[in-house]
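User: I have a chain open on my screen and would like to talk it through. Could you take my questions one at a time?

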Amino acid sequence: MMYHVFLVISIVVIVSGHEESKDSTTFRDCDMNALIDQIQKLSFENKEIVNFNSKILRENENLKHSIQNLERRVYFVEQNIPIPNSQQSKQEFESSIQSNLFKNLTKNNSPDYLLTAKMNYPVLMSKKVNDNNHTRVKRATSGVVAFSGVVKDTLHNIGDHQEIPFKTVVIDTHSAFHADSGIFTSPAAGYYAVFSTIMTLPGIRLDFLIVRNGNAICYGYSKGLNGDDKLYGTGSTSGIVYLAVGDKIWVKVHEDHHYGSGEMVLRIYSSFMGYRL
């Protein structure tokens, strides 16, 4: 009898221990899943923090550049804009600004200073600034800026990429148009309307373009016809372009897009002109 009682108790203990072990394993599994979920949540939150910090760094960098630009502009104003005198006329006040500007540009050749001058205060630029050799050529920037030239003598045997000269100067308000090369150098910043017309002789084709500092603005095409009725060709092009002080524009042959020889571009009827808007 005692033997049977002991056996029953043993079985109960074993079964009870098995159930406790099963419950413990289930509990540990639940804890592990909860821990994994928490780690994943923390990882996601950490990525959000990293992205937010990156955004703050970019905004700080932009703010830094804005402050530096503002500091340059304030410095430029302090150096060049005198305190107005109630006794001065408008012309005298502008003259004093131009005098200060020329003096400071002569002694201060830093790229930042020159860039601030040309970009933010183009109206005050009464001097042409050449960043390569720091030469200063006096320019008047008030009033209308305009130029116009025509081909003086019929042009012969024009080659690839050749610049078209316009040696007869009709208008040149600021002595900024070089007749021999056909190059106009901007004396004042602003938007300019530019135009060119090229007349070719019969049997001559010529593609041309207006360029700013070597980069194309607009294209033109002229083709004279041979045959029973010999016809001159006429092509025109025009565009609007922003020119900073010292920028150069001219007319040139478009690469090797031309054919014919001898007399090619007719005098008087071929022209190049422009003006500041």
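Analyst: The following exchange goes from the overall fold to the surface and then to a single side chain; please note that the model is predicted.

User: How many helices and strands are there in the protein chain?

Analyst: The protein chain has 14 strands and 3 helices. Of its 277 residues, 35% are buried. Among contacts between residues at least 6 apart in sequence, 67% link residues at least 24 apart.

User: On to the surface. How much area does the protein chain expose?

Analyst: About 17400 Å² is exposed, and carbon and sulfur atoms account for 56% of that area.

User: Which residues make the nonpolar surface patch?

Analyst: Tyr191, Phe195, Ile240, Met273, Tyr275 and Leu277 form this patch of about 620 Å². Strands S8 (190-200) and S14 (271-276) each contribute at least two of the patch residues.

User: Why does tyrosine 275 count as partly exposed?

Analyst: Tyrosine 275 lies in strand S14. Its relative accessibility is 38%, and the partly exposed class lies between the limits of under 20% for buried and over 50% for exposed. Tyrosine 275 is therefore classed as partly exposed.

User: Changing topic: where is histidine 258?

Analyst: Histidine 258 is in strand S12, which covers residues 248-259.

User: With which side chain does the side chain of histidine 258 make a polar contact?

Analyst: The partner is the side chain of aspartate 160, at 2.7 Å. Leaving aside residues up to four places away in sequence, histidine 258 touches Ile158, Gly159, Asp160, Arg205, Leu206, Val253 and Met264.

Definitions and conventions: Residues numbered from 1 in each chain as written. Predicted model: local features only at pLDDT ≥ 70, side-chain atom pairs only at ≥ 80, totals over all residues. Heavy atoms only, no water. Helix = DSSP H or I, 4+ residues; strand = E, 2+ residues; numbered from the N terminus. Polar contact = N/O pair within 3.5 Å; in protein donor to acceptor, adjacent residues only side chain to side chain. Contact = heavy atoms within 4.5 Å. Buried < 20%, exposed > 50% of the residue type's maximum accessible area, 1.4 Å probe, protein only. Areas by Shrake-Rupley, 256 points an atom, 1.4 Å probe, with all protein chains shown as cover. Patch = residues over 30% accessible without salt bridge, like charges linked within 9 Å, V, L, I, M, F, W, Y side chains within 5 Å. Salt bridge = Lys/Arg side-chain N within 4 Å of Asp/Glu carboxyl O.
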